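Here are my notes from a friendly browse through this model. I kept the entries short, so feel free to follow along.

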Amino acid sequence: MATQQGQDAKFFQRGKIEEFRAELQAAETKDKKFQKRKTVLKKIVANITMGNDMSPLFHDVVQCIGTPLLEIKKMVYLYLVSYGRAKPEQIQIVIPSFLQDCNDRNPLIRALAIRTMAYIPIPVVTEALTDQLRHCIKDRDPYVRKTAAICVAKLYAADARRVERAGFVEMLRDMMLDTNAMVVANAVAALSEIGDRQDGVIFRLNLPTANKLVAALGESSEWGQIYILDSLLRYVPEQHADAEMMAERVIVQLQHANSAVVLTTIKVLLYLMNYMQNRRLIDYICKKMGPPLVTLLSSGPEVQYVALRNILLIIQRRPAVLKNDVKVFFCKYNDPIYIKLAKLEIMYRLAREENAKEVLAELEEYASEVDIDFVRKAVRSIGRLAIKVEAAADNCIQSLLNLIETKVTYVVQEAVIVTKDIFRRYPGKYEGIIPTLCENLDALEEPEAKAAMVWILGQFSDKIVNADELLDDLVYNFLDETVEVQLALLTAVVKLFVYKPSSETTKTLVHKVLKWATEEIDNPDLRDRGFMYWRMLAMNPAIAGEIVLAEKPAITTDSDRMDRGALDQLLLHTGTLGSIYHKNPETFIRNAAGRALVDSPALNANSRAMLVPLTRPQLPPTSVTISGPGPIEPHTRNQTGDAAPGMSKPAPPLPSGEGDLLDNSNFTRPQGRSSGGNEHGDADRDRDGDEYEDEDEDIDDIPNNKAGDPYANLAGAFGGYLADEPQPMAGHRRGNGDLDDLLF
């Protein structure tokens, strides 16, 4: 293979269209073994790869399509994929060759033909592909069938209505029951791609089909396993036992060598834990998820970063997964900076009273590193650790004082910033270090550090003897400071006046600052605050003092935690780009459908209270009804097993009973339906306060997110941009029929 690649490298040279055309024409007469033709086509494909326009050779290349050599046929088809869309008039001459190859005896050629046609999304090709694709889906060769499954998804992207009318979605559903695991995986991949579109059919799995997919995991390739595991998020358990049984069958995949399979398995387990009641099993699953995640950290830096970003989400929801493994995230000397920063955040998340001493010692070492950004984050993490773990606050303060004594500018500035937060977290406890901070006033250059120090001077100006002198020095450049510092100085000077109203220096200082803020500043926030302070001090200084010096709420670590609903949504995208950005895919991928937990009798109470509503864009009321036999969904009220007929338009056709789609299948383009995504389980209790409450606790006081949308009246504010239009939740589609549907 290496020798062949070395030989082909010579073809990657810019060539001229006339030369290639002449060589192709010359090869037609004296090329019995097609070697010359193959060489020319390799040069053309190489030029396409380099970005050179080879479209003028369309007719010359197309004439090679009848060559009985598979390698040449592949290159011709590759050329057609590149330029077929740009040549809608000329592509018709190739259609007969496509149709002939679709009936070739060689399964590779049959698959190649339909794959190429699916990659040319123009009406004349898709029309010719429809009949051939129907035959290839039922082809005797599994390679052709698995290729046909992917082609259905491509055809759906080009003409969704044609696919639905032709019944291809039903055929894909039947292919999930195929005897070949490769075909099953591709059918699931195609259905998932269709279901992930905002205008696609809703893809749901029932219990019998989900069990069949899990049984196919062992025979599937790595990517097939990923598609099958990901599709299990479309299965909504109706009973706790169903979720627990499914988790026990899937958990073995945690031992897989492929990191993507491991992360997808973790995603499925976290989802199923929302529907479990057995606390012992939940704890066992959390314990089993830890070692695979730690193993991922021994991979390359890119895989490490993906794992770390996912771990950061997982430990916020399930702290018990890695609560005893904080040492694994200690930074190595040769880690890239982005790995170090990710590990630093996880160390802070896992810090508890039991391991705070070890974490603090590690952070102190990081504070003496060379990389400035890393040192800043380390110093700030020491302050955050003091706020989070009260037992470690004394040691953290001593560590910050030692760092301030180094006189390193950026270290001192970060220490001042976090010290301000510590003062608010523990009022009246560490004010003895204020003189040390004042000694380093000249080292403060950045706006955030200056603003923090100014706040300290103003808040404790009654305890700082020379506070008026220090503030006077800082006010000297008031007009040149940033708005952040100006706001801090304005408030600090007013506090100083409230504390020392009889001091002439203070009176002069506050008058000067208020005059600057109201007469020479253009910023409206600063100017309005100046007028407000001036009016309060002029009318009633006592009331002004009560307002300015009002007791402030202590800082907590609650703000560090992600919102529960948003966190659960992100965990449904574990192992994807969304888990790296910490954003839902629909926010940065056009036409991507969101995911959220689906309500069911088995859903935990806490998870139900935090359900996030999802809507799809309002679409024309069209429906496609598909019928066909299939396995019967257990645990249904319809004991006879007969599926009730679907409802008529414009509402989505829902079976009145609980028969699944395999009994009476309806693929519907619903109006404002919610996606079949799912969400993540509940966190285990722990003493550090970062965990959510147990699922069995009373949740009557938890607000229900299903309340009316305050933005409901903005329905027409975005014109015709239907895909981006914010809409209130139209209500969860209830009724057991839609939850049991395989593809509903």
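**Cysteines.** I began with Cys286 and asked whether this residue is buried or exposed. In this predicted model, Cys286 has a relative accessible area of 2%, so I noted it as buried, the limit being under 20%. I then looked up Cys102, whose relative accessible area is 4%, and entered this cysteine as buried because that value also falls under 20%.

Next I wanted to know how many disulfides there are in the whole structure. My search of the whole structure came back with zero. For Cys102 I checked the nearest cysteine sulfur: that of Cys136, 5.3 Å away. A disulfide needs the two sulfur atoms within 2.5 Å, so Cys102 is in no disulfide.

**H7 and H8.** Cys136 turned up again when I looked at helix packing, on the H8 side of a contact with H7. I described the pair by angle and distance, as one does for two packed helices. Helix H7 covers residues 107-118 and helix H8 covers residues 123-137; their axes come within 10 Å and cross at roughly 145°. I logged the crossing of H7 and H8 as left-handed.

Which residues make the contact? From H7 I listed Ile114, Met117 and Ala118. From H8 I listed Val125, Ala128, Leu129, Leu133 and Cys136. Sorted by class, the contact of H7 with H8 has eight nonpolar residues, with no polar and no charged ones.

**H5 and H6.** I gave helix H5 (residues 70-83) and helix H6 (residues 95-102) the same treatment. Their axes come within 13 Å, with a crossing angle of roughly 130°. I put H5 down as oblique to H6, because that angle lies between the 65 to 115 range for roughly perpendicular and the over 145 range for roughly antiparallel. The crossing of H5 and H6 is left-handed.

On the H5 side, I found Lys73, Tyr77 and Leu80 in the contact. On the H6 side, I found Ser97, Phe98 and Asp101. By class I have three nonpolar, one polar and two charged residues for H5 with H6.

**Val306.** My last stop was Val306, in helix H18 (residues 301-317). Is Val306 buried or partly exposed? Its relative accessibility is 23%, so I wrote down partly exposed.

What does Val306 touch, leaving out residues up to four places away in sequence? I found Leu263 and Ile580. I also paired Val306 with Thr574: the two are 268 residues apart in sequence, yet 9.6 Å apart in space, C-alpha to C-alpha.

Technical notes:
Residues are numbered from 1 along each chain as its sequence is written. This is a predicted model: local features need pLDDT of at least 70, side-chain atom pairs count only at pLDDT 80 or more; totals for chains, interfaces and linings use all residues. Side-chain values use heavy atoms; hydrogens and water are left out. Axes are lines fitted to C-alpha atoms, for helices over the stretch in contact, and angles run from 0 to 180 degrees between N-to-C directions. Helices (H or I, at least four residues) and strands (E, at least two) are DSSP runs, numbered from the N terminus. Angles under 35 degrees count as roughly parallel, over 145 as roughly antiparallel, 65 to 115 as roughly perpendicular and the rest as oblique. A crossing is left-handed if the near helix is turned anticlockwise from the far one by less than a right angle, and right-handed if clockwise. Contact means heavy atoms within 4.5 Å. Ala, Val, Leu, Ile, Met, Phe, Trp, Tyr, Cys and Pro count as nonpolar, Asp, Glu, Lys and Arg as charged, and the others, Gly among them, as polar. Buried means under 20% relative accessible area, exposed over 50%, partly exposed in between (1.4 Å probe, protein chains only).
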